Amino acid sequence: MKNKASVVIVGGGITGVAIAYELIKRGVKDIIVLEKNTLSSGATGRCGAGVRQQWGTEMNLKLSIGSVKRFETLQEELEYPHDIEFSQTGYFMPAYTEKQVEQFKKNITLQRKFGLHVEWLEPSDCRKVVPIIDLKGLMAATYYDKDGHLNPFHTTQAYAMACRRKGVDIELFTELIGIKTEHDSIKAAITSKGVIECDSIVNAAGGWSQIVGNMAGVSIPTYSERHQILITEPIEPLFRPMVMSFYHNFYTQQEPNGAIIMGIGDPNEPKEINVDSTYLFLQKMASVVTTVLPPLKHARVVRQWAGMYNMSPDKTPIIGKTQIKGFYLACGFSGHGFMISPMTSTLIAQMMTNEPLAIPEIETKLDLGRFERGELFVEPSVV
Amino acid sequence: MRIDCDVLIIGGGPAGLCAARSLLGTGLNVLILERDPFLGGQLLKQTHMFFGSKEQYAGTRGFEIGQILTREVQASPNVTVMLETVASGYYPEENFILALEKEKKLYQIYFKKVIVATGASEKSLLFEGNDLPGIYGAGAVQTLMNMYGVMPGQDIIMIGSGNIGLIVSYQLLQAGVKVKAILEAAPTVGGYFVHAAKVRRMGIPIFTQTTVKRALGQNALEAVEIVNLDSKWQYVAGTERKWSCDTLCLAVGLSPMSELLWQFQCEMRYVSELGGYVAKRNAIMQTTHPDVYIAGDVSGVEEASSAMLEGTIAGFAAAKALHKMLDSVDQVIQNSQKFLDEMHRGPIGEKIRNGLAKVEVDVCL
């Protein structure tokens with residue numbers, strides 16, 4: 001491993017490798033990515049892999065619309081020899097309360113302003129999009145056919161292969177154990193395999209971002225929260241879009257091979273690093289999903305696993321600089337890091353190379369300082 | 001539904017049955033989970049007579065040993081058997097095994113000690129066309145022939161000259177199937193000399209440094225393309241030849257089914273001599289998780305005789321840990337350990353000895 005670099009990126013998930021790619025594309029040399037395990041072994045490889053643009057704020061709309069545009073051509077751009085499996089099968093978001101109906105109406109107005117042709121569905125229309133949905137309690141739904149999903153393993157590999165071709169060093173099984181600063185500037189990354197002198201460090205450590213922040217003396221108010229997922233055996237095609245219910249706090253989608261993937265949030269989840277599976281999840285997931293989509297009761301569960309959301313206090317990413325010169329943050333994605341990784345990486349790279357930012361207002365809206373200033377970002381449309 | 005037991009045994013093959021037998025008369029509440037509709041595991045497919053000593057049923061055929069053990073265990077009032085029941089996972093936070101009976105009923109099984117005797121699964125080989133009908137694992141061929149009386153094909157080529165490849169070839173001959181050849185990728189025959197000599201005498205050729213490159217056929221296997229291998233296991237160009245056959249049997253080894261042990265967060269190690277990932281254990285078959293014991297192929301792929309001894313040891317060790325022991329428990333455990341050591345002695349046991357040296361830990365946990 002080299003002992004000098006211009007930039008050290010901490011984390012070999014989608015965000016870390018995408019940032020490395022955007023930097024080297026802009027001519028930055030001597031980039032090292034540190035990954036303590038294998039690529040996409042953290043939240044990236046464990047996520048539900050959905051990509052949605054139906055958000056309720058301008059910021060999240062810009063992040064997600066920009067990312068989807070990149071996903072559409074990413075495979076060609078990265079010259080990846082395999083399929084990253086990007087498919088736009090849509091997101092279907094049912095509303096079950098008056099409050100949700102009102103919120104969705106506001107959202108759709110904003111979304112259409114951004115050029116998204118999101119459809120408003122009355123209950124009688126819903127089965128045209130999700131034929132197996134139970135209509136009980138359903139008041140309305142929104143549906144956007146350009147939302148979709150892609151394969152997180154392939155996408156990470158695609159970025160990583162492009163990075164390596166261009167000369168990025170990706171050091172696997174190499175853990176960051178300390179950060180050396182002098183006069184509030186980054187001096188070196190101390191790893192399990194030696195010290196790397198460097199000017200900049202990017203914290204893309206996902207579930208471990210708070211620990212990495214502490215190494216540089218930067219207190220990041222993120223925390224890790226376990227989210228569990230399961231997948232069934234492949235069955236005949238039943239529905240195409242991701243079905244995401246804020247009311248039930250779950251999402252589910254049928255994968256291209258017929259398997260159905262699903263997850264449900266647990267409000268009692270403790271703030272800790274934990275990727276064990278529980279029976280409680282299996283039970284709760286099964287009972288809720290079969291209420292909304294009854295035919296799924298016949299599908300057999302093949303596997304369940306867990307990953308960590310890196311939560312920020314306002315459930316919105318932290319993208320930006322810190323009081324330590326050369327220490328950048330790309331963390332706190334709160335469950336949405338994968339779907340906006342093309343924009344996150346572009347913004348961080350623009351920031352580090354002093355280019356104008358694609359979304360200039362992130363500097364004051366997504367920075368770490370917002371928590372001290374008390375300017376929390378409020379997104380109404382999160383699970 | 002919730003079930004509570006003292007000792008949970010996962011797998012009703014030779015290891016699990018012998019573990020249960022060790023627990024007879026202890027008064028402990030023992031539960032065996034078995035995936036198949038019957039107990040006995042791989043013993044039921046074994047028509048050959050066992051070697052060794054009287055204690056290890058020398059001279060008795062495998063399926064008969066399975067029947068004897070099954071009768072003993074089923075007659076015991078403190079052992080419950082759940083058939084067609086899969087142990088589908090261990091949940092660490094809730095600390096139970098989730099079991100699915102007949103694909104219908106879920107049980108949460110709480111236990112004080114668990115003996116994992118899940119056995120092994122067959123390895124396959126990567127080659128073009130390896131999913132054509134007519135290509136079987138050796139275990140599947142044995143199941144068809146020896147349990148259901150179904151002939152797997154007429155004209156067969158065997159891949160692998162380990163004991164399973166040799167014994168199954170012989171059984172196929174006995175069943176009237178033409179065994180064209182046994183192919184072995186290594187430079188020497190893998191199994192016991194006595195088995196190899198027997199199939200050679202019956203006229204089956206064994207080709208070493210030879211393997212299958214492609215399987216050919218429209219809707220089912222019609223022929224295979226075979227090829228020679230050099231000392232670095234690479235194809236020797238120009239040696240490809242096509243042999244017709246309707247069945248290809250892969251006897252290329254087994255992998256321990258250690259998924260549950262991973263879920264128990266036992267310390268695991270990859271040991272090629274033992275077939276794959278196995279848990280570290282001490283002399284009484286206890287893993288690094290103090291409540292988890294292992295026995296049989298899951299602890300390292302060997303044969304039924306060693307599985308039975310390991311099961312016996314694990315059963316007594318679990319009884320001892322729960323303070324339900326015979327006065328002579330240490331003596332009984334030592335006896336089984338002695339038999340096991342004897343089995344591993346000599347040049348034939350060398351590979352297993354080497355493998356075990358990598359996972360045996362001295363400390364009594």
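**Entry 1. Domains of chain B**

I looked up the polar contacts between domain 1 of chain B and domain 2 of chain B, and found four residue pairs, both members at pLDDT 80 or more. The model is a predicted one, and I read every entry below with that in mind. For the same two domains of chain B, I found zero salt bridges across the interface. On the side of domain 1 of chain B that touches domain 2 of chain B, I noted five nonpolar, two polar and two charged residues.

I then turned to the extent of this interface. Nine residues of domain 1 of chain B are in contact with eleven residues of domain 2 of chain B. I recorded a buried area of about 880 Å² between domain 1 and domain 2 of chain B, with 66% of it given by carbon and sulfur atoms. The bounds I used for chain B are 2-121 + 254-357 for domain 1 and 124-250 for domain 2. Taken over C-alpha atoms, the centres of these two domains of chain B are separated by 31 Å.

**Entry 2. Domains of chain A**

I repeated the search in chain A, where domain 1 covers 7-49 + 152-222 + 314-373 and domain 2 covers 88-147 + 224-310. I noted 29 Å between the centres of domain 1 and domain 2 of chain A, again over C-alpha atoms. In the contact list for chain A, 16 residues of domain 1 face 13 residues of domain 2. I found about 1100 Å² buried between domain 1 and domain 2 of chain A, and carbon and sulfur atoms give 55% of that area. Which three residues supply the most area on the side of domain 1 of chain A? I found Arg46(A), Gly48(A) and Gly207(A), which supply 48% of the area that domain 1 of chain A buries against domain 2 of chain A.

I also checked the polar interactions here. The count of salt bridges between domain 1 and domain 2 of chain A is zero, whereas eight residue pairs are in polar contact, both at pLDDT 80 or more. By class, I divided the residues of domain 1 of chain A that touch domain 2 of chain A into seven nonpolar, eight polar and one charged.

**Entry 3. Thr15(A)**

I next located Thr15(A) in helix H1 of chain A, residues 14-25. Is Thr15(A) buried or exposed? The relative accessible area of Thr15(A) is 8%, and because the cut-off for buried is under 20%, I entered Thr15(A) as buried. Beyond its neighbours within four places in sequence, I found Thr15(A) in contact with Ala204(A), Ala330(A), Phe333(A), Gly337(A) and Thr344(A).

**Entry 4. Chain B against chain A**

Last, I examined the interface of the two chains. Ten residues of chain B are in contact with ten residues of chain A. I recorded about 760 Å² buried between chain B and chain A, of which carbon and sulfur atoms give 46%. In chain B, I noted that Tyr91(B), Glu93(B) and Glu94(B) lose the most area to chain A, together 56% of what that side buries.

I counted two salt bridges between chain B and chain A. In one salt bridge, the side chains of Arg300(A) and Glu103(B) meet at 2.4 Å, N to O. For polar contact between chain B and chain A, I found eight residue pairs, both at pLDDT 80 or more. Strand E6 (96-101) and strand E7 (105-110) of chain B are the elements that give two or more residues to the side touching chain A. I classed the residues on that side of chain B as five nonpolar, two polar and three charged.

Technical notes. Residues are numbered from 1 along each chain as its sequence is written. Chains are lettered from A and ligands numbered from 1 in the order in which they are written. This is a predicted model: local features need pLDDT of at least 70, side-chain atom pairs count only at pLDDT 80 or more; totals for chains, interfaces and linings use all residues. Side-chain values use heavy atoms; hydrogens and water are left out. Contact means heavy atoms within 4.5 Å. Buried area is the accessible area (1.4 Å probe) that two parts lose on being put together, summed over both. A salt bridge is a side-chain nitrogen of Lys or Arg within 4 Å of a carboxyl oxygen of Asp or Glu. A polar contact is a pair of N or O atoms within 3.5 Å; within protein, one must be able to donate a hydrogen and the other to accept it, and residues adjacent in sequence count only if both atoms are side-chain atoms. Helices (H or I, at least four residues) and strands (E, at least two) are DSSP runs, numbered from the N terminus. Ala, Val, Leu, Ile, Met, Phe, Trp, Tyr, Cys and Pro count as nonpolar, Asp, Glu, Lys and Arg as charged, and the others, Gly among them, as polar. Domain bounds come from an automatic or database domain assignment. Buried means under 20% relative accessible area, exposed over 50%, partly exposed in between (1.4 Å probe, protein chains only).
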